[in-house]
Amino acid sequence: MTAVMAANADVLRLLRRAAGAGTTVTDDADHLPADRLGVLVDLSWDADLADLPAADVPILPIHGMRGRLVLGPIIEPGVVGCPRCLALRVRAIDRPAGASTDAELRPLAARAGEYWWPPATPNLLAAVLADELDRLDAGERPRSSGAAYVVDIGGIGGDWHPVLPHTLCRSAHCVAASTPIPPPLPELHRPIPALGVGQTRRFKATWFSERLEDEYLDPWSGLATAPALAGNAALPSVQADVPTAWGFAEIAIGRADDYATARTSAVLEGLERYAGWHCGGRDPVRMAAFADLDNAVDPRDLGLHEDDAYRTAGFEYTAFTPHTPTGWARAYSVRTGRETLLPFHVAYYGATQRTDTGPAFVYENSNGCALGSGVEEALLASLLEIAERDAFLCAWYSRTPLPELDLTDPVDERVAAALRMLRHHTGREIRAFRAVGEFGVPVVILVSTSDDPAEPATLSTAGCALTVSSALLGAVQEMAAAAPAISVNYRARPQDELIRAFEQPERVRHMTDHALVAALPRARERFAFLLEQPNGPMSTVESPVPGLLTPQGDIAADLAAMLAVGERAGREVIVADHTTVELHRLGLRCVKAVVPGTAPMTFGHLHRRLPGAATIRAFQLRNGVDPAQASMREVWHEPHPFP
């Protein structure tokens, strides 16, 4: 016979004895004391404590959550975080994909009848409760601050799990306890030393490891679940799953020279993606048509889709007109500090999961989103990504030849070791080509080829950094992860299906399609503008390059120099804040930079937002090609091969 738990009244008596006469233990929130800590008990199978008022004194909840009994987290006056935050996190991990399309999670349906627990469970909770109260009496920090004790399924043991504030929590307590996050505007007149000259970070990724492991990673309540090795990558690569409010997990990848750093990098990447999918915890500040606004960025300046795409049956995006109302997000001009408005779906790609942000005019993704230990670091990283994607697309769509790098002596031993490992692991030929990107930074396009008919014929990746060597290393690390994964998918996909997509580009619908179609042997000719250039002297990694900035070893100084180059080129940098409460408490900022006139990376051929003629001409001039002498069409339309 299966033992069952005593009735709730008996459990309350047991908990009251454990708490002592000085502590109120009640199952009625209206009876909680106003002048001292109270213990609130709700043993429902999936209790909903979202309607608790803002706490003026601590409240320690004991409650059911998805069939588990939980003590904590303690609700502390002025401190963000509550049982609702925990519920949002746990339900997101367990929620089936597509179960909800709202920004707020719907509570799960309650199970009929009382849920019975093993008889040891109340005694276990009573013991944990008594220990927590003893800690509070002694003036110590309770273990339930930012954590919850969860009884296991058997009811005879349990463990502590982290509880982070949730950016979507709108409980009265979290709303009252939240504090505003400063605007995402960089301070360029104070020194911010980087780890070294040419580096873009203040701290090594592992500086965050301990707190990420303790507070952010957990299979039951974590913002991210436990990282794992990322497939058969040729270099250290780790992936972490980040559950979202919409029932799917975003996969974040970390790459580095060692697995410990790759693990931490994967979680940090996951924080960036979490912020993007959850719209930074923000809602539209206006619902209006562009014609009715006097401080908004014109969506036409951001690049729209081809007219034919909007006329295609089933196309997900709405053709822009100045009179079409949509949602708008608060953003800022980095040059002037002036507040402006961006289409909400451009500022936050997670808007596609919501129904309250108005029609979307264009496809968006994480292009230009970056995380950093400060606005300056985050903005620097976001501009490097924009420059990388813009250069790759401009080179591809204009067929602009680029100087090849000599990889026989890459100088930097880290790069040399990565190249050796990549070649050894994949057996592929590796060639690299250098471009001068927007903001005066180097971009390296890596092309990997194989004549094995069972393998992808041609693959490409890119990297961008403050030095050519670092850009090359980034492209190599990307290839080390991409090549093995694409090879597996290439062998699995029917060749006739890929050939049809090669001949009918509208069949290139998903991110993976781009690299797979470009991997066909017959697609090799599309890379001829790089691979079949006339033989000439190769450029070394250390060769001086006109138009490239000289890094200073200071994040603010390097960012200021990049912005100055952009300003001279007529580029306006717009920044939207993605920083959530989960990131801010860790000292991190997350932004999305938008630079009108640059080419945004998109996936799905119908989603392409082609660079304009002026953008192509500027790219060619930066890279030593006179557009008037270029014997090529200005813009090609073959699907790009970016993986």
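Buried means under 20% relative accessible area. The exercises below use that cut-off on a predicted model.

**Exercise 1. The strand β17**

Task: find how many residues of β17 are buried, and which residues point each way from the strand.

Solution.
- Step 1. Locate the strand. β17 covers residues 458-464.
- Step 2. Count. 7 of its 7 residues are buried, so β17 is mostly covered.
- Step 3. Sort by direction. Thr458, Ser460, Ala462 and Cys464 point one way. Leu459, Thr461 and Gly463 point the other way.
- Step 4. Combine. Both groups are buried.

**Exercise 2. The sheet around β17**

Task: give the strand order of the sheet that holds β17, and say which strands stand at the edges.

Solution.
- Step 1. Recall how sheets form. Strands pair through backbone hydrogen bonds, either parallel or antiparallel.
- Step 2. Read the order. The open sheet has 4 strands, β14-β15-β16-β17, with antiparallel pairing.
- Step 3. Find the edges. β14 (404-405) and β17 each have a single partner strand, so one side of each lacks a neighbour in the sheet.
- Step 4. Check the pair at one end. β14 and β15 run antiparallel and are joined by 2 bridges. Leu405 stands opposite Ala432 in β15.
- Step 5. Check the pair at the other end. β16 and β17 also run antiparallel, joined by 7 bridges. Val443 has Cys464 of β17 as its bridge partner.

**Exercise 3. Helices on the sheet**

Task: state which strands α9 lies across and which strands α11 touches.

Solution.
- Step 1. Take α9, residues 375-398. This helix lies across β16 and β17. Its direction runs at about 140° to β17.
- Step 2. Take α11. This helix packs on the sheet and touches β14, β15, β16 and β17. Its direction makes about 145° with that of β17.

**Exercise 4. Two helix pairs**

Task: classify the packing of α10 with α11, then of α5 with α6, as roughly parallel or oblique.

Solution.
- Step 1. Choose the descriptors. Two packed helices are described by the angle between their axes and the distance between the axes.
- Step 2. Apply them to α10 (residues 413-426) and α11 (residues 468-492). The angle is about 20°, and the axes are 10 Å apart.
- Step 3. Classify. Angles under 35 degrees count as roughly parallel. α10 and α11 are therefore roughly parallel to each other. Their crossing is left-handed.
- Step 4. List part of the contact. From α10, the residues include Arg414, Val415, Ala418 and Leu419. From α11, they include Ser469, Leu472, Leu473 and Val476.
- Step 5. Sort the contact by class. It has 11 nonpolar residues, 4 polar and 1 charged.
- Step 6. Turn to α5 (residues 209-216) and α6 (residues 259-277). The angle is about 60°, and the axes are 10 Å apart.
- Step 7. Classify again. α5 and α6 are therefore oblique to each other. α5 passes α6 in a left-handed crossing.
- Step 8. Name the contact residues. α5 supplies Ser209, Leu212, Glu213 and Tyr216. α6 supplies Arg263, Thr264, Val267, Leu268 and Leu271.
- Step 9. Sort these by class. The contact has 5 nonpolar, 2 polar and 2 charged residues.

**Exercise 5. Backbone details**

Task: place the cis peptide bond, then Cys279 and Phe439, which have a positive phi.

Solution.
- Step 1. Find the cis bond. It joins Gly72 and Pro73, with omega about 0°. Pro73 lies in the loop between β4 (68-71) and α2 (83-94).
- Step 2. Take Cys279. Its phi is about 55°, positive although the residue is not a glycine. Cys279 sits in the loop between α6 and β10 (286-288). Its relative accessibility is 0%, so Cys279 counts as buried.
- Step 3. Take Phe439. Its phi is about 70°, positive although the residue is not a glycine. The loop between β15 (429-436) and β16 (442-449) holds Phe439. With a relative accessible area of 1%, Phe439 is buried.

**Exercise 6. The surroundings of Leu129**

Task: decide whether Leu129 is buried or exposed, and list the residues it touches beyond four places in sequence.

Solution.
- Step 1. Place the residue. Leu129 is in helix α3 (residues 120-137).
- Step 2. Apply the cut-off. Leu129 has a relative accessible area of 0%, so it is buried.
- Step 3. List the contacts. Not counting residues up to four places away in sequence, Leu129 touches Leu15, Ala19, Val39, Leu60, Ile62 and Leu71.
- Step 4. Add a distance. Leu129 and Tyr149 are 20 residues apart along the chain, and their C-alpha atoms are separated by 9.7 Å.

Notes: Residues are numbered from 1 along each chain as its sequence is written. This is a predicted model: local features need pLDDT of at least 70, side-chain atom pairs count only at pLDDT 80 or more; totals for chains, interfaces and linings use all residues. Side-chain values use heavy atoms; hydrogens and water are left out. Axes are lines fitted to C-alpha atoms, for helices over the stretch in contact, and angles run from 0 to 180 degrees between N-to-C directions. Angles under 35 degrees count as roughly parallel, over 145 as roughly antiparallel, 65 to 115 as roughly perpendicular and the rest as oblique. A crossing is left-handed if the near helix is turned anticlockwise from the far one by less than a right angle, and right-handed if clockwise. Contact means heavy atoms within 4.5 Å. Ala, Val, Leu, Ile, Met, Phe, Trp, Tyr, Cys and Pro count as nonpolar, Asp, Glu, Lys and Arg as charged, and the others, Gly among them, as polar. Buried means under 20% relative accessible area, exposed over 50%, partly exposed in between (1.4 Å probe, protein chains only). Two strands pair if DSSP finds at least two bridges between them.
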